[in-house]
2 protein chains.
Amino acid sequence: MFKIDEVARETGLTKRTIRYYEEIGLMPAPERSEGGTRQYTQAHIEHLQRVISARDVLGFSLQEIQEYMGYAQALTGQRELYPQIREPERQLEKLREMDGTLEAQLRALEEKVSKILAMKQELEQFRDRVTAGIARIEKQEQQSEAKITEGKNS
Amino acid sequence: MFKIDEVARETGLTKRTIRYYEEIGLMPAPERSEGGTRQYTQAHIEHLQRVISARDVLGFSLQEIQEYMGYAQALTGQRELYPQIREPERQLEKLREMDGTLEAQLRALEEKVSKILAMKQELEQFRDRVTAGIARIEKQEQQSEAKITEGKNS
DNA sequence: TCTAACGTTGACGTTAACGTCATTATGATG
DNA sequence: CATCATAATGACGTTAACGTCAACGTTAGA
């Protein structure tokens, strides 16, 4: 059981942000002590770390993260795969909807990866030019040093 | 030569956004007609597309994109690799600084890619569970259909 | 040349994602 | 049990990234 300040230290978020994420439903509300103090578990911390990852890495808005986390929660089994619907027809419908959403998200991720890789290549090319420039100048300096030494020796 | 509305259509940005990007220095100010109308070139459009890519794919803030674009511009040769500095010492210093920044950015990109791939794997696992669920229900429905047919035949 | 459609420049509005008080309650500690 | 660091709540403030509206100038076509 952690208090909010420990969670803040663990995750790097501020206390305000943690409460805010709870407020907008981005994280499950933790249990409270008798007096009302929030008591977090390890699961809350992990949840937050996934949120942070999605926020920073994917640049998702917090709303988008909510959708994403819906699936992630279901995946980790914290929530049932699909709610208790009796009619197989409705179940199928729901599952197919989820399948479609997931496919779309996967495609989006793939596109992001390929775009990032393209940028990475550009940066690498540029870095190569920079390192080549460094080598060139260093060589020139060596040569002028050599000349100075030569001059001394003559 | 394009007018702002065409650029907007090409890039998917709004006119307001295009002017805003110019205002904050995120894109080079285009030439103006005698009357003051902005006249964009193909280069401007390409520039904007790179900005969009960095914004959407990397989730960079516009400020971060400015730094990134600084290097990208240098890379495409639109700006000199490094300004006309005469002293090789200062040149070296500048180049090494760029090298450091580039290395850092490359590491950041690599981390992003690996995190995205991790998320992708999770989503794929989940999708597999969903498709399995779909298959299971479809099979059940087939079986009950078969029973009905059997009942008819008896 | 006249006009409708488009462009420009302010200037204020908006939303997301928090930051920053102030006030009041809680809880571990000597 | 007194006290002092923490926690909670509420409310207002802030910043980035545009949206929107008004007032006015520009341009291309009949």
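# Two chains and two DNA strands: a working chat

Student: Where does Ile134(A) lie?

Tutor: Ile134(A) lies in helix α5 of chain A. Please keep in mind that this is a predicted model.

Student: Is Ile134(A) counted as buried, exposed or partly exposed?

Tutor: Ile134(A) counts as partly exposed, because it has 17 C-beta neighbours inside 10 Å. A residue needs 20 or more to be buried.

Student: And which residues is it in contact with, leaving aside its sequence neighbours within four places?

Tutor: Ile134(A) is in contact with Leu92(B), Leu95(B), Arg96(B) and Asp99(B).

Student: Let us widen that to the interface. How many residues of chain A are in contact with chain B?

Tutor: There are 41 residues of chain A in contact with 41 residues of chain B. On the side of chain A that touches chain B, helices α3, α4 and α5 (88–153) each supply at least two residues. The most come from α5(A), which gives 32 residues. By class, that side has 23 nonpolar, eight polar and ten charged residues.

Student: Why do the copies meet through the same surface?

Tutor: The overlap is complete: 100% of the interface residues of chain A are also interface residues in chain B, so the two copies use the same surface.

Student: What rotation superposes chain A on chain B?

Tutor: A rotation of 180° does so, with 0.0 Å of shift along its axis and an RMSD of 0.1 Å. That is the relation of a two-fold axis. In chain A, the C-alpha nearest the axis belongs to Gly59(A), at 2.0 Å from it.

Student: What precedes Gly59(A), and what is its phi?

Tutor: Gly59(A) follows α3(A), and its phi is positive, near 65°.

Student: Why does the span of α3(A) agree with expectation?

Tutor: Helix α3 of chain A has 17 residues (42–58), which at 1.5 Å a residue should span 24 Å; its end C-alpha atoms are 24 Å apart, so the two agree.

Student: Which residues of α3(A) are buried?

Tutor: They are His44(A), His47(A), Leu48(A), Val51(A), Ala54(A), Val57(A) and Leu58(A).

Student: On to packing. Which members of the largest nonpolar core touch the most other members?

Tutor: That core has 18 residues, and Val51(B), Ala54(B) and Ile65(B) touch the most other members. Two or more residues each come from α5 of chain A and from α2, α3 (42–58), α4 and α5 (88–153) of chain B. Ile65(B) touches Leu26(B), Val51(B), Ala54(B), Arg55(B) and Phe60(B), not counting residues up to four places away in sequence. Apart from this core lies another, of eleven residues, among them Tyr21(A), Met27(A), Leu48(A) and Val51(A).

Student: Now the DNA. Which residues come nearest to strand C?

Tutor: Of the 19 residues around DNA strand C, the nearest are Gly35(A), Ser61(A), Leu62(A), Asp5(B) and Arg38(B). At least two residues of that surface come from each of α2 (15–23) and α4 (62–75) of chain A and α1 (4–11) of chain B. The largest share, three residues, belongs to α2(A).

Student: And which are closest to strand D?

Tutor: Around DNA strand D there are 19 residues, the closest being Asp5(A), Arg38(A), Gly35(B), Ser61(B) and Leu62(B). The elements giving two or more residues are α1 (4–11) of chain A together with α2 (15–23) and α4 (62–75) of chain B. Here α2(B) gives the most, with three residues.

Student: How many of the residues near strand D are polar, and how many charged?

Tutor: Ten are polar and six charged, alongside three nonpolar residues.

Key
Residues are numbered from 1 along each chain as its sequence is written. Chains are lettered from A and ligands numbered from 1 in the order in which they are written. This is a predicted model: local features need pLDDT of at least 70, side-chain atom pairs count only at pLDDT 80 or more; totals for chains, interfaces and linings use all residues. Helices (H or I, at least four residues) and strands (E, at least two) are DSSP runs, numbered from the N terminus. The expected span of a helix is 1.5 Å times one less than its number of residues. A residue is buried if 20 or more other C-beta atoms lie within 10 Å of its own, exposed if 12 or fewer, and partly exposed in between; C-beta atoms are placed from the backbone. A residue is near a molecule or strand if its C-beta atom, placed from the backbone, lies within 6 Å of it. Ala, Val, Leu, Ile, Met, Phe, Trp, Tyr, Cys and Pro count as nonpolar, Asp, Glu, Lys and Arg as charged, and the others, Gly among them, as polar. Two residues are in contact if their C-beta atoms, placed from the backbone, lie within 7 Å. Copies are superposed by least squares on the C-alpha atoms of residues with pLDDT of at least 70 in both. A nonpolar core is a set of buried Ala, Val, Leu, Ile, Met, Phe, Trp, Tyr and Cys residues joined through C-beta atoms within 7 Å.
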